[in-house]
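Me: I have a model open and would like to go through the labels attached to it. Could you show me the structure and explain how each label is earned?

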Amino acid sequence: MARNKIGTSAAIAACCAAAGLGLVGCDDTDDTSTGAEPSAASSAPESDEELITGTQTITVGDYSVNVSCSGTQVGNRPVVILMHGGGDDLTTMADLQETLSENGRVCSYDRLGAGASDQPAGPQDYEDIGEILTGVIEQTAGGRSVVLAGHSMGGLLAGRYAPEHTDLVSGVVLMDATSPSAIADLEARIPESATGDAAELRAQTLAVYQGQNPEQLVFTDGEVRSAGDIPVRVIQHGQQYLAEMTEYGPGLEEDWAKGQEEWLALSENSELSTAEDSGHYIYVDQPEIAVEAIEQVTEEAAG
């Protein structure tokens with residue numbers, strides 16, 4: 001896929017590096033967003049018949065949030081919530097959602113600052129992101145638990161959210177999720193004394209970590225907390241595209257692999273696998289791997 005190839009200019013390298021580190025998208029596709037329908041009520045639906053279907057705008061706190069739901073609820077099967085990467089929106093996961101919805105209910109949403117959702121009032125932290133996600137779950141899951149399937153930055157957010165909300169989350173799938181120690185890894189890997197493209201890559205990526213991204217999320221490192229024994233699947237890319245960036249590329253790949261292993265601490269029931277023929281966008285390059293992992297986790301969570 002073109003989105004996984006590294007350009008020669010520093011600007012392109014920084015963009016794609018940030019995507020690889022789970023920060024911004026280097027999307028080269030022309031996905032067409034579905035127009036939002038009238039706003040839905042902010043309270044949780046009382047029955048399956050009232051569940052959101054299609055693309056709608058809901059109200060969460062003081063914000064309008066764009067959501068998309070498809071598929072039919074099956075028994076006690078958890079609802080799958082797809083979480084897009086930084087710089088993307090729910091349309092980038094539309095094909096994945098369509099496939100998954102053949103077996104059950106699936107929803108996706110635009111975080112504040114992404115797609116058709118409102119802009120955040122200011123800088124956000126993980127708690128701010130979590131409050132919006134909780135509102136989305138309350139209005140889309142119909143009182144059922146959810147399986148969070150996050151890509152890149154969306155995976156990082158899913159991994160931070162799940163341990164704090166074990167009453168809502170019964171499974172997690174991380175698709176090339178941003179490392180929980182991304183900031184420290186980058187600062188250690190590319191020294192402040194670096195020059196040229198490496199220096200620009202370092203500065204631009206750290207700026208994104210500090211909140212210069214569409215969602216104004218200020219990243220913080222931290223140990224991975226446990227969500228108990230819920231099923232967790234961690235999938236990492238197999239195509240070593242980060243190694244092509246700068247003289248520090250091979251080291252960035254090492255840090256990336258380390259970060260994926262760190263996510264295993266999310267559960268006593270976690271597994272790590274590699275999508276051998278995929279770059280960063282695993283659900284695009286090898287969608288069958290993403291689908292299989294999400295289906296396995298959802299079925300196991302359903303009991």
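Reply: Gladly; note that this is a predicted model. Let's start with Gln 97: beyond its neighbours within four places in sequence, Gln 97 is in contact with Ser 68, Cys 69, Ser 70, Leu 82, Val 106, Cys 107 and Ser 108. Gln 97 itself sits in helix 2, residues 94-100.

Me: What makes Gln 97 count as buried or exposed?

Reply: The relative accessibility decides. Buried means under 20%, and Gln 97 has 5%, so Gln 97 counts as buried.

Me: Two of those contacts are cysteines, Cys 69 and Cys 107. How do you know that Cys 69 and Cys 107 form a disulfide?

Reply: The cut-off is a pair of cysteine sulfur atoms within 2.5 Å. The sulfur atoms of Cys 69 and Cys 107 are 2.1 Å apart, so the pair passes as a disulfide. By this rule the count comes to one disulfide. The pair links distant parts of the chain, with Cys 69 in strand 3 (residues 63-70) and Cys 107 in strand 5 (residues 106-109), 38 residues apart. Both cysteines, Cys 69 and Cys 107, are buried.

Me: Why is the disulfide of Cys 69 and Cys 107 called right-handed?

Reply: The torsion about its S-S bond is about 115°, so the disulfide is right-handed.

Me: On to the helices. Why is helix 3 called roughly perpendicular to helix 4?

Reply: Helix 3 (residues 126-140) and helix 4 pack at an angle of about 85°, with their axes 10 Å apart. Angles of 65 to 115 degrees count as roughly perpendicular, so helix 3 is roughly perpendicular to helix 4. At the meeting place, Tyr 126, Ile 129, Gly 130, Leu 133, Thr 134 and Ile 137 of helix 3 meet Leu 156, Leu 157, Arg 160 and Tyr 161 of helix 4.

Me: What is notable about the phi of Ser 152?

Reply: Most residues other than glycine have a negative phi. Ser 152 is not a glycine, yet its phi is positive, near 60°. Ser 152 belongs to the loop between strand 6 (146-151) and helix 4 (153-161), and with 3% relative accessibility it counts as buried.

Me: And why is Gln 216 called partly exposed?

Reply: Partly exposed lies between the 20% and 50% limits. At 26% relative accessibility Gln 216 falls there, so it counts as partly exposed. Gln 216 also has a positive phi, about 55°, although it is not a glycine. It is placed in the loop between helix 6 (196-209) and strand 8 (231-237).

Me: How do you know that the span of helix 6 agrees with what it should be?

Reply: At 1.5 Å a residue, its 14 residues should span 20 Å, and the end C-alpha atoms are 20 Å apart, which agrees. Buried residues in helix 6 include Ala 198, Leu 201, Leu 206 and Tyr 209. Helix 6 is followed by Gly 211, with a positive phi near 120°.

Me: What makes the pair of Tyr 209 and Phe 219 edge-to-face?

Reply: The structure holds two aromatic pairs. In the pair of Tyr 209 and Phe 219, the centres are 5.5 Å apart and the planes stand at 70°. Rings pair if their centres lie within 6.5 Å, and planes over 60 degrees apart count as edge-to-face, so both labels hold for Tyr 209 and Phe 219. Tyr 209 lies in helix 6 and Phe 219 in the loop between helix 6 and strand 8, so the pair ties together parts 10 residues apart in sequence. Both Tyr 209 and Phe 219 are buried.

Terms used. Residues are numbered from 1 along each chain as its sequence is written. This is a predicted model: local features need pLDDT of at least 70, side-chain atom pairs count only at pLDDT 80 or more; totals for chains, interfaces and linings use all residues. Side-chain values use heavy atoms; hydrogens and water are left out. Helices (H or I, at least four residues) and strands (E, at least two) are DSSP runs, numbered from the N terminus. Buried means under 20% relative accessible area, exposed over 50%, partly exposed in between (1.4 Å probe, protein chains only). Rings of Phe, Tyr and Trp (its six-membered ring) pair if their centres lie within 6.5 Å; planes under 30 degrees apart count as stacked, over 60 as edge-to-face and the rest as tilted. The expected span of a helix is 1.5 Å times one less than its number of residues. Axes are lines fitted to C-alpha atoms, for helices over the stretch in contact, and angles run from 0 to 180 degrees between N-to-C directions. Angles under 35 degrees count as roughly parallel, over 145 as roughly antiparallel, 65 to 115 as roughly perpendicular and the rest as oblique. Contact means heavy atoms within 4.5 Å.
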